[in-house]
Amino acid sequence: GHGRAFVKKKRRFEQIDTPDGEGDDDENVFSSARARWFQSRARGGVTQLSWAPPLSTNPYLLYSASRRSNAVLSWDLRALSSLGTPVCGLQSFTRDGDTNQRLEFDINDEGNTIYVGCGTSEGVVKIYDTTSGKLQDTLQVFDEDSGYRDAVNGVSYLSYQGGRSNNGLLAVSVGSRTFNEPDDEDSNDDGKQGFLQLMVCKSKM
């Protein structure tokens, strides 16, 4: 079988080799900790992969989302082939991802903005700058006064043809699987079901 080869490959992935020289110790510790942070958020099973759009300033970027991960990650594929060094991501875009459900993201045509769907506790779409990793805006999908939240599991962005950057339509799907107790005959969902919604996004530039 492939068990032995798999073990060797996994050990090489997790092992951090530090070069000789005392002057590089602090930098190595920082790089190792950063690499382990990214690795820990990509071990739950990949649920989505997306290349940077053709109009992006960096065509080598790959974006990934994983199951039960609290961040969408971006990777520069030019930095993945180095031997003896830890694999480290480029940027992270935080979200509530403590669920086995697939939570999607989408990127605008210019590749400078990413729209990240969040889990049940937040129930929002977070908008990040892909270059700096900074949060630009948060779109509320639910009425704040209702007190109801659910997972935003589908996100799709469409730019207006000939329009300004970040002007477009954002389609989101909402909902998660729920189970009622067998003896709870009087329970009802109060209309709390999944739904689709279109949102108009306008640039603040």
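# Briefing on a predicted protein model

The side chains of R68 and D98 meet in a salt bridge, with N and O 2.4 Å apart. R68 lies in the loop between strand 2 (61-66) and strand 3 (71-76), and D98 in the loop between strand 4 and strand 5, so this pair ties together parts that are 30 residues apart in sequence. The model is a predicted one. The points below set out its overall make-up, then its charged pairs, its aromatic rings and several buried residues.

**Overall make-up**

- The protein holds 2 helices and 11 strands.
- Read from the N terminus, the order of these elements is α-α-β-β-β-β-β-β-β-β-β-β-β.
- The protein has 205 residues, of which 38% count as buried.
- Among contacts between residues at least 6 apart in sequence, 51% join residues at least 24 apart.
- The exposed area of the protein is about 13,000 Å², and carbon and sulfur atoms supply 49% of that area.

**Salt bridges**

- The count of salt bridges comes to 4, among them the pair R68 and D98.
- In that pair, R68 is partly exposed because its relative accessible area is 46%, a value between the limits of 20% and 50%.
- Its partner D98 has a relative accessible area of 57% and is therefore exposed.
- A salt bridge also joins the side chains of R78 and D76, at 2.8 Å from N to O.
- R78 is exposed, with a relative accessible area of 52%, whereas D76 counts as buried at 15% relative accessibility.
- E104 forms a salt bridge with R102, and the closest N and O atoms of this pair are 3.8 Å apart; that distance falls within the limit of 4 Å for a salt bridge, so the pair is counted.
- Both partners count as partly exposed: E104 has 24% relative accessibility, and R102 has 40%.

**Backbone of R68**

- R68, found in the loop between strand 2 and strand 3, has a positive phi of about 55 degrees although it is not a glycine.
- For comparison, most residues other than glycine have a negative phi.

**Aromatic rings**

- The structure holds 3 aromatic pairs.
- In one of these pairs, the ring centres of F93 and Y128 are 5.5 Å apart and the ring planes stand at 55 degrees, so the pair is tilted.
- This pair links distant parts of the chain, since F93 belongs to strand 4 (residues 91-94) and Y128 to strand 7 (residues 124-129), 35 residues apart.
- F93 and Y128 are both buried.
- Together with Y63, these two residues form one aromatic cluster.

**The buried acid D106**

- D106 is found in strand 5 (residues 105-107).
- Although D106 is buried, it has no salt bridge.
- The nearest side chain of opposite charge belongs to R102, 10.0 Å away; a salt bridge requires a distance within 4 Å, which is why R102 and D106 do not form one.
- A polar atom of the D106 side chain lies 2.7 Å from the backbone nitrogen of Y157.
- Leaving aside residues up to four places away in sequence, D106 touches T113, I114, Y115, V155, S156 and Y157.

**Two further buried residues**

- T47 has its place in strand 1 (residues 46-51).
- The relative accessible area of T47 is 11%, so this residue is buried.
- Not counting residues up to four places away in sequence, T47 touches A65, S66, R67 and R102.
- Q39 is found in helix 2 (residues 25-40).
- With a relative accessible area of 2%, Q39 is buried, because the value is under the limit of 20%.
- Q39 and G89 are 50 residues apart in sequence, while their C-alpha atoms are 8.3 Å apart in space.

How values were computed
Residues are numbered from 1 along each chain as its sequence is written. This is a predicted model: local features need pLDDT of at least 70, side-chain atom pairs count only at pLDDT 80 or more; totals for chains, interfaces and linings use all residues. Side-chain values use heavy atoms; hydrogens and water are left out. Helices (H or I, at least four residues) and strands (E, at least two) are DSSP runs, numbered from the N terminus. Buried means under 20% relative accessible area, exposed over 50%, partly exposed in between (1.4 Å probe, protein chains only). Contact means heavy atoms within 4.5 Å. Lys and Arg count as positive and Asp and Glu as negative; His and the chain ends are not counted. A polar contact is a pair of N or O atoms within 3.5 Å; within protein, one must be able to donate a hydrogen and the other to accept it, and residues adjacent in sequence count only if both atoms are side-chain atoms. Rings of Phe, Tyr and Trp (its six-membered ring) pair if their centres lie within 6.5 Å; planes under 30 degrees apart count as stacked, over 60 as edge-to-face and the rest as tilted. Accessible areas come from the Shrake-Rupley method with a 1.4 Å probe; for residues, only the protein chains shown count as cover.
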